[in-house]
Amino acid sequence: MNQTKLTVKEAKDLLKYTIKNNIHLQTLGKKPVAISFIGDAGLGKTSLCKQVAKEVDLIPILLSLSQLDELGDLLGFPVRQFQLCKGTGESKECLWIDEPAVEEYIKQNYQFTGEKRMVHAEPEWIAGKTEGLCLILDDYSRAQPRFLQAIMELVQNQEYMSWRLPQGSTVVLTSNPDNGQYHVEAQDLAQTSRAISYELKSDIECWAQWAETEGIIGLGINFMLLHPELLTEKCNPRSITNFFNAISSIKDLEAELPLVQLIAEGSVGPEVGTMFTMFVNNKLHLLVSPKQILTHKDWSHIKGLLTECIGVGSKYRADIASVL
């Protein structure tokens, strides 16, 4: 059975529910559930996780597994501990002390019991944190096999050896699909079954809503809404965003069309670049934004702008009118 692919908005709603449900599970003494988002590059998988974490007051911790070389950076380094005790009877106090700190406790009259053990110290990214985390294991399928094996317990149980994530935490995995288009590590059932997995898909309306909140130039948003078919693996939300940000400081796009085309070819491709320069050259970028139409207090002002865009009589622009 083919799995339904989620939009970014649907994925955000699902992650919010999973976080809430994990808190409920932990109050019952049950194991929390990890969630995995699989999708093409540039869809916004990592961004949506960080956004949701902030919205629900979790601390976002992003670990890019493809960039880690040492297991200790992810899971902590092994430390030898010695048991030291002080006092007798009911006042006797025994502690497990890391080897480097033993001498200091000896000075405080603690004594060796002869017991020792090896533990894993908390990694730097979690040390001192007591509130719930949203642990984002980014590029999960690009990690070295030894990392994939080592974090199986962390993904399923939120703990590793002698440390665990704070109460109320959720683990999220993000990765690219194993479809021959990406250099990823194959995973067996023992690994994939430790998280609930969902595939993500591109959705131009989700991107447009996000782009408006992020201040992406309005003509860019209008262009993509007019041509949603341009959203592909190569021309993905990330490359589109990079392109529009790269041209955002150009005050007169019509006067700089060659530069706009050059930037487009390096980000979204020559075909999309050509369509966009035609979009600008035909003045479709002068469209009145939906926000202006719906929120401006002076309707006569908006009506004037609309008339200027669409034209009247022999200057009527049916193409612009259809977009509006």
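## Reading the sheet, its helices and its salt bridges

Me: Let's start with the open sheet of five strands. What is the order of its strands, and is the pairing parallel or antiparallel?

Reply: Reading across it, you get E2-E6-E9-E1-E10, and the pairing is parallel. Bear in mind that this is a predicted model.

Me: Which strands are the edge strands?

Reply: Look for strands that pair on one side only: here they are E2 (59-64) and E10.

Me: And by how many degrees are neighbouring strands turned against each other?

Reply: By 20 degrees on average, with direction ignored.

Me: How do I read the pairing of E1, strand by strand?

Reply: Take each partner in turn and count bridges. E1 (residues 34-38) runs parallel to E10, and five bridges join the two. With E9 (residues 170-175), E1 pairs over four bridges, again in the parallel sense. You can follow this at one residue, Ile38: its bridge partner in E10 is Glu199, while its partner in E9 is Ser175.

Me: Is E1 mostly covered or mostly exposed?

Reply: Mostly covered. Of the five residues in E1, four are buried, and the cut-off for that word is under 20% relative accessible area.

Me: What about E9, how many bridges does it make with E6?

Reply: E6 (residues 133-138) pairs with E9 over four bridges, in the parallel sense. For a landmark there, find Leu137, which stands opposite Leu173 in E9.

Me: Now a helix on the sheet. Which strands does H1 lie across?

Reply: H1 lies across E1, E9 and E10. To read its direction, compare it with a strand: H1 runs at about 165 degrees to E1.

Me: How do I read a helix pair, then? At what angle do H1 and H2 pack?

Reply: Start with angle and axis distance, then handedness, then the residues in contact. H1 and H2 pack at about 45 degrees, and their axes are 10 Å apart. That angle makes H1 oblique to H2. H1 passes H2 in a right-handed crossing. On the H1 side, the contact is made by Val8, Ala11, Lys12, Leu15, Lys16 and Ile19. H2 brings Leu48, Cys49, Gln51, Val52 and Glu55 to that contact.

Me: Can we try that on another pair? Is H11 roughly parallel or roughly antiparallel to H12?

Reply: H11 (residues 257-265) and H12 (residues 270-281) pack at an angle of about 150 degrees, with axes 8 Å apart. So H11 is roughly antiparallel to H12. The crossing of H11 and H12 is right-handed. H11 makes the contact through Leu257, Val260, Gln261, Ala264 and Glu265. Among the H12 residues in that contact are Pro270, Gly273, Phe276 and Val280.

Me: On to charged side chains. How many salt bridges does a search of the whole structure find?

Reply: Six. For each one, ask how far apart the atoms are, where the residues sit in the chain, and how exposed they are.

Me: Which residue meets Lys5 in a salt bridge?

Reply: Glu199, with 3.9 Å from N to O. Glu199 lies in E10 (residues 195-199) and Lys5 in the segment before H1 (8-27), so this salt bridge ties together parts that are 194 residues apart in sequence. Both ends are partly exposed: Glu199 has a relative accessibility of 29%, and Lys5 has 41%. You've met Glu199 already, as the bridge partner of Ile38 in E10.

Me: How many residues apart are Lys9 and Asp13?

Reply: Four, within H1, which puts about one helical turn between them. They form a salt bridge, with the closest N and O atoms 3.3 Å apart. Lys9 is partly exposed at 45%, and Asp13 is partly exposed at 40%.

Me: And which salt bridge partner does Lys16 have in H2?

Reply: Glu55, with 2.7 Å between the closest N and O atoms. This pair links distant parts of the chain, Lys16 in H1 and Glu55 in H2 (residues 45-55), 39 residues apart. Lys16 is partly exposed, at 31% relative accessible area, and so is Glu55, at 44%.

Me: Which residues join into one network through shared partners?

Reply: Lys12, Lys16 and Glu55, by way of salt bridges that share partners. Those three residues also belong to the contact between H1 and H2.

How values were computed. Residues numbered from 1 in each chain as written. Predicted model: local features only at pLDDT ≥ 70, side-chain atom pairs only at ≥ 80, totals over all residues. Heavy atoms only, no water. Salt bridge = Lys/Arg side-chain N within 4 Å of Asp/Glu carboxyl O. Buried < 20%, exposed > 50% of the residue type's maximum accessible area, 1.4 Å probe, protein only. Pairing = 2+ DSSP bridges. Axes fitted to C-alpha atoms, helices over the stretch in contact; angles between N-to-C directions. Parallel < 35°, antiparallel > 145°, perpendicular 65-115°, else oblique. Left-handed = near helix turned anticlockwise from the far one by under 90°. Contact = heavy atoms within 4.5 Å.
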